[in-house]
Amino acid sequence: MDNRRPVSVDHYENFPVASWLCPPHLRPPIQAIYWFARTADDLADEGSHPPEERRAALARYRQALSDAFDGRPATGEWAPVFGPLQRMIDGHALPRRPLEDLLSAFEQDTHNLTYPDRAALLDYCARSANPIGRLLLHLYGVNTPAALAESDAVCTALQLINFWQDLRIDLPRGRHYVPLADAQRHGLTLQALADQAAAGQASAATRGLVAELAGWARQTMLAGAPLVHRLPGRMGWELRLVVQGGLRILDKLAAQQHDSLRRRPTVGAADAPLLLWRALVMPAMAAPARRPA
């Protein structure tokens with residue numbers, strides 16, 4: 001598997017990484033983190049390699065991360081990733097746990113697990129999405145319990161939105177992020193969802209299911225939205241656009257009757273004026289974030 005070269009950070013489409021709003025001195029660590037995460041994601045997900053080969057590659061990747069934290073020089077197949085990351089670990093005291101949690105989630109992806117309920121899916125999100133927010137807060141020196149909880153909510157919401165946005169892509173690949181309990185409540189099985197994804201059209205029951213899941217994602221995003229008022233300067237403004245971008249995708253999903261099996265809802269340049277306006281007028285919501293059930 002050839003994933004030695006760091007990929008473009010804009011591959012993470014729901015995160016405006018290292019944009020012009022990001023302070024210049026933080027762009028190198030943010031880019032190093034995203035190269036690390038994106039390369040691991042590609043090892044777990046891209047190409048046609050068998051799961052055993054993917055897990056072996058991720059095990060080597062985990063060892064390379066351990067070497068970086070232990071101060072051993074980056075060599076070998078992923079030196080372009082771990083060389084910069086090691087410099088950022090040293091220069092910014094990056095915490096080890098969030099990076100290891102990300103790898104844990106990518107390793108889990110290779111097993112194509114199903115999720116019995118929302119708690120199980122939230123556990124996955126806590127390792128696949130929330131570490132990114134916590135690493136960014138670390139770089140900005142923000143570490144209050146309230147900010148961390150709201151960051152987790154925003155990151156989880158972005159992950160959930162991405163799941164419901166990409167059902168037509170993930171289901172045929174055996175990626176079943178819809179909790180079984182939610183599917184069963186709507187009289188559906190995961191195989192029925194996969195069959196509908198192959199046909200490119202959702203039944204009324206599936207649209208009802210996706211509407212409910214989208215409502216869960218919206219509630220989660222709104223629980224974390226007060227974070228935009230806790231963050232200083234450019235970071236707060238960038239997060240406003242992230243939050244509004246996620247909510248806009250949910251708006252578009254609703255506008256197509258929650259049928260993401262027919263067409264994937266996306267945000268484009270035409271949405272920019274609305275997003276900017278909504279980001280500008282975001283209310284100072286005082287409700288604390290809580291882990292959604």
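Student: How many nonpolar, polar and charged residues does the lining of the second largest cavity have, by class?

Tutor: In this predicted model, that lining has three nonpolar, four polar and two charged residues. The residues concerned are Q108, D109, N112, L113, Y115, G174, R175, H176 and Y177. Tyr and Leu count as nonpolar, Asp and Arg as charged, and Gly among the polar residues.

Student: What makes this space a cavity, and what is its volume?

Tutor: A cavity is a set of points where a 1.4 Å probe fits but cannot get out. The second largest cavity holds about 50 Å³ of space. The model has two cavities of 30 Å³ or more. As to the principle, rolling a probe the size of a water molecule over the atoms shows where empty space is left.

Student: How many aromatic pairs are there, and why is the pair of Y115 and Y124 called tilted?

Tutor: The count comes to 10 aromatic pairs. The ring centres of Y115 and Y124 are 5.8 Å apart and their planes stand at 50 degrees, so the pair is tilted. The limit for pairing is 6.5 Å between centres, and planes under 30 degrees apart would count as stacked, over 60 as edge-to-face.

Student: Why are Y115 and Y124 called buried?

Tutor: The term applies under 20% relative accessible area. Y115 has 5%, so it is buried. Y124 has 3% relative accessibility and therefore also counts as buried.

Student: What makes the pair of F163 and Y177 stacked?

Tutor: The angle between the planes of F163 and Y177 is 10 degrees, and the distance is 3.9 Å centre to centre. Planes under 30 degrees apart count as stacked. This pair links distant parts of the chain: F163 belongs to helix α7 (residues 145–165), whereas Y177 is in the loop between α8 (167–170) and α9 (180–185), 14 residues apart.

Student: Are F163 and Y177 buried or exposed, and how do you know?

Tutor: F163 has a relative accessible area of 3%, so it is buried. Y177 is at 7% relative accessibility and therefore counts as buried. Both conclusions rest on the cut-off of 20%.

Student: Which residues do ring pairs link into a cluster?

Tutor: The cluster consists of Y115, Y124, F163, W164 and Y177, linked by ring pairs. Y115 and Y177 also appear in the lining of the second largest cavity.

Student: How do you know that R118 and R240 each place a charge over a ring?

Tutor: For Arg, CZ must be within 6 Å of the ring centre and within 35 degrees of the ring normal. R118 lies over the face of W216, at 4.4 Å from the ring centre. The charged end of R240 sits over the ring of W237, 4.1 Å from its centre.

Student: What is the secondary structure of the chain, and what percentage of its residues is buried?

Tutor: The chain has 13 helices and zero strands. Buried residues make up 53% of its 293 residues. Among contacts between residues at least 6 apart in sequence, 73% join residues at least 24 apart.

Student: Why is L139 called buried, and which residues is L139 in contact with?

Tutor: L139, in helix α6 (residues 130–140), is at 12% relative accessibility and therefore counts as buried. Leaving aside neighbours within four places in sequence, L139 contacts L26, P29, I30, I33, H92 and L94. The C-alpha atoms of L139 and H92 are separated by 7.0 Å, although these residues are 47 apart along the chain.

Student: Why is T39 called buried?

Tutor: T39, found in helix α1 (residues 27–45), has a relative accessible area of 1%, so it is buried. Its C-alpha atom is separated by 8.1 Å from that of V81, 42 residues apart along the chain.

Student: What are the phi values of Q257 and H258, and why is one called partly exposed and the other buried?

Tutor: Most residues other than glycine have a negative phi. Phi of Q257 is near 55 degrees, a positive value, and H258 has a positive phi of about 55 degrees. Q257 is in the loop between α12 (233–255) and α13 (272–280), and H258 lies in the loop between α12 and α13. Partly exposed applies between 20% and 50%. Q257, at 49% relative accessibility, therefore counts as partly exposed. H258, at 16%, therefore counts as buried.

Definitions and conventions
Residues are numbered from 1 along each chain as its sequence is written. This is a predicted model: local features need pLDDT of at least 70, side-chain atom pairs count only at pLDDT 80 or more; totals for chains, interfaces and linings use all residues. Side-chain values use heavy atoms; hydrogens and water are left out. On a 1 Å grid over the protein atoms alone, a cavity is a set of points where a 1.4 Å probe fits but cannot get out, and a pocket is an open set with protein on both sides within 12 Å along at least five of seven lines; lining residues have an atom within 4 Å of a point. Grid points are joined across faces, edges and corners, and a volume is the space filled by probe spheres set on the points. Rings of Phe, Tyr and Trp (its six-membered ring) pair if their centres lie within 6.5 Å; planes under 30 degrees apart count as stacked, over 60 as edge-to-face and the rest as tilted. Buried means under 20% relative accessible area, exposed over 50%, partly exposed in between (1.4 Å probe, protein chains only). Helices (H or I, at least four residues) and strands (E, at least two) are DSSP runs, numbered from the N terminus. Contact means heavy atoms within 4.5 Å.
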